[in-house]
Structures are given as C-alpha cells and as structure tokens.
Amino acid sequence: MTLSNDNTAPSGVKPAPDHRGFDIETVSSNSETETDAGTIDRMRLQFLASQHASLVSQTQFADAKAAALMTVMGLVALNGPVKIYTVATATIDAIAVFILIMATIGVAAWAVIPRYPDKGLNKLIHRRDRFSWPALVAAGYEPLDHAEFARQASGDQLIMSLAQTNGAMAKVLRRKFVVLRIAFGMAALDLALIVAYVLGARL
C-alpha cells in the first residue's frame with residue numbers, strides 16, 4: 001500500500017485526525033461552555049500526568065536496556081575469547097576487539113548517566129517549570145517558594161508546568177534512545193568481530 005500524500009490514508013484504513021488543523025481557541029471555548037472549567041482542568045492534568053507516567057516508564061526501560069547491554073558486554077570482556085586479564089599479551093586484532101567492547105560499555109553507560117541543567121538554565125528553569133526535580137532545587141528557588149506556589153497556583157499554571165516538564169523529559173528520552181542505538185550497533189559489530197576472531201584463530 002502506498003500513500004498519495006501526507007494526509008491520505010491507505011484504502012480501507014480510517015485516516016487519523018490531523019491536530020494541526022484544529023483551532024485550539026475555538027475548540028477550547030466550545031468545550032468549556034459545555035463543561036465547567038474545573039472539569040476541563042482536571043482532564044488536562046490527568047492527560048499530562050498519564051503522559052508523564054508513560055515517559056517515566058519509557059525512561060526506566062531505556063536505562064534497563066543500557067544496564068543489560070553493559071552487563072552482557074562486561075561478561076564478554078571477562079569470559080569471552082578476548083579476556084580482560086589476557087589482553088596485554090593478545091594480538092593486535094584481539095586488542096582492537098577488546099577496545100571496542102570497552103567503548104560499547106562506555107557508550108551504554110553514557111545513556112544512563114543523568115543530565116543536569118547548566119548554570120544558565122538552572123537560574124531560569126523554575127520560572128516555567130515547577131514540577132521537575134531540577135526546578136525544585138534551582139538557584140534562587142527555595143522550598144518555601146514552592147510551598148507558596150502549590151498553595152496559590154491556578155489550574156493553568158499547573159498545566160503549563162507539567163507540560164513543560166513532559167517536553168523536557170521527552171528530549172532526554174530521545175537522547176537516551178539515540179545513544180542506545182549507537183551502543184547496540186557497536187555491540188553487534190563487537191559480536192561479529194569476535195566471531196571472526198574465533199573462526200580465524202581456529203583456521
């Protein structure tokens with residue numbers, strides 16, 4: 001099946017709604033005339049909270065994949081044909097394979113290492129985000145400030161804060177998966193080189 005353009009669905013398939021064509025202000029005003037504003041705010045917060053939980057789960061899944069890859073490559077380094085304690089007396093080919101194994105472990109570890117906002121962003125983050133933990137410990141933002149915000153914040157402020165956090169988490173998650181893809185590609189190359197090394201040693 002082929003698509004004739006970006007907005008045309010394959011035959012027999014119901015096209016998905018295109019959110020780019022929505023008039024947000026009109027939709028919001030029509031919805032809020034039918035439903036009270038408090039209910040609308042709760043629906044929005046529930047949506048964002050569910051989205052946040054999904055992002056957290058996917059982040060944990062990405063970290064678990066990185067940890068599993070590090071474990072596997074560590075076992076290969078300890079018990080594989082190119083062992084860590086014999087690499088000093090190994091051939092150049094074996095040393096190259098071992099270095100690539102260590103590089104794979106390093107890239108996987110890079111995917112797990114937590115990121116922290118730089119100094120410039122650390123001073124400004126609490127102005128737009130009051131949900132994520134970096135915002136709660138940002139420079140110039142004290143626990144009493146957050147308590148006062150939680151006591152007086154409107155629904156719109158809570159929605160914007162959680163939405164900003166979700167956007168930032170999505171960027172972190174995307175970076176993790178990009179790094180993981182590189183790490184798994186290197187791991188596949190490692191295994192191919194190990195197989196070639198073993199076969200070459202037997203011939």
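The face of helix 3 that is turned away from its buried side carries two exposed residues, Ile92 and Ile99, and this helix is a convenient place to begin a reading of the structure, which is a predicted model.

**Helix 3 and its two sides**

Helix 3 has 21 residues, and from its first C-alpha to its last it reaches 31 Å, close to the 30 Å expected at 1.5 Å a residue. Its buried residues are Ala94, Val97, Phe98, Leu100, Ile101, Thr104, Ile105, Ala108 and Ala111. Seen down the helix axis, these buried residues fall within an arc of 160°, so they line one face of helix 3.

**The chain as a whole**

The protein chain contains 7 helices and 0 strands, and its elements, taken from the N terminus on, run α-α-α-α-α-α-α. Of its 203 residues, 26% are buried. The chain exposes about 13800 Å², of which carbon and sulfur atoms supply 64%. Among contacts between residues at least 6 apart in sequence, 66% join residues at least 24 apart.

**Nonpolar cores**

The largest nonpolar core has 12 residues, namely Leu69, Met73, Val76, Ala77, Val97, Phe98, Ile101, Ile105, Ala108, Ala183, Ala187 and Ile194. The elements that give two or more residues to this core are helix 2 (37-79), helix 3 (92-112) and helix 7 (155-202), and the largest share, 5 residues, comes from helix 3. A second, separate core comprises 8 residues, among them Ala111, Met169, Val179 and Leu180.

Two residues of the largest core, Ile105 and Ala108, can be followed through their individual contacts. Not counting residues up to four places away in sequence, Ile105 touches Met70, Met73 and Gly74. Ala108, whose place is in helix 3, counts as buried because its relative accessibility is 0%, under the 20% cut-off. Leaving aside its neighbours within four places in sequence, Ala108 is in contact with Ala66, Leu69, Met70 and Ala183. The C-alpha atoms of Ala108 and Ala187, residues that lie 79 apart along the chain, are separated by 9.8 Å.

**Salt bridges**

A search of the whole structure finds 3 salt bridges. As a general matter, side chains of opposite charge can pair when their charged atoms come close. The pairs are set out below with their N to O distances.

| Pair | N to O distance |
|---|---|
| Arg44 and Asp41 | 3.8 Å |
| Asp63 and Lys176 | 2.7 Å |
| Arg151 and Glu148 | 2.4 Å |

Asp63 lies in helix 2 and Lys176 in helix 7, so this pair ties together parts of the chain that are 113 residues apart in sequence. With a relative accessibility of 23%, Asp63 counts as partly exposed, whereas Lys176, at 8%, counts as buried.

Arg44 and Asp41, by contrast, are 3 residues apart in helix 2, and they are therefore separated by about one helical turn. Arg44 counts as partly exposed at 28% relative accessibility, while Asp41, with a relative accessible area of 19%, is buried. The value for Asp41 falls under the 20% limit, which is why Asp41 is assigned to the buried class.

Arg151 and Glu148 both lie in helix 6 (residues 143-152), where they are 3 residues apart, about one turn of the helix. Arg151 is exposed, with a relative accessible area of 60%, and Glu148 counts as partly exposed at 32% relative accessibility.

**Thr59 and the contacts of helix 2**

Thr59 has its place in helix 2 and is buried, with a relative accessible area of 15%. Not counting residues up to four places away in sequence, Thr59 touches Met169, Leu173 and Lys176. Two of these partners appear elsewhere in this account: Met169 is included in the second core, and Lys176 meets Asp63 in a salt bridge.

Key
Residues are numbered from 1 along each chain as its sequence is written. This is a predicted model: local features need pLDDT of at least 70, side-chain atom pairs count only at pLDDT 80 or more; totals for chains, interfaces and linings use all residues. Side-chain values use heavy atoms; hydrogens and water are left out. A nonpolar core is a set of buried Ala, Val, Leu, Ile, Met, Phe, Trp, Tyr and Cys residues joined through side-chain atoms within 4.5 Å. Buried means under 20% relative accessible area, exposed over 50%, partly exposed in between (1.4 Å probe, protein chains only). Helices (H or I, at least four residues) and strands (E, at least two) are DSSP runs, numbered from the N terminus. Contact means heavy atoms within 4.5 Å. A salt bridge is a side-chain nitrogen of Lys or Arg within 4 Å of a carboxyl oxygen of Asp or Glu. The expected span of a helix is 1.5 Å times one less than its number of residues. The arc is that of the directions from the helix axis to the C-beta atoms. Accessible areas come from the Shrake-Rupley method with a 1.4 Å probe; for residues, only the protein chains shown count as cover.
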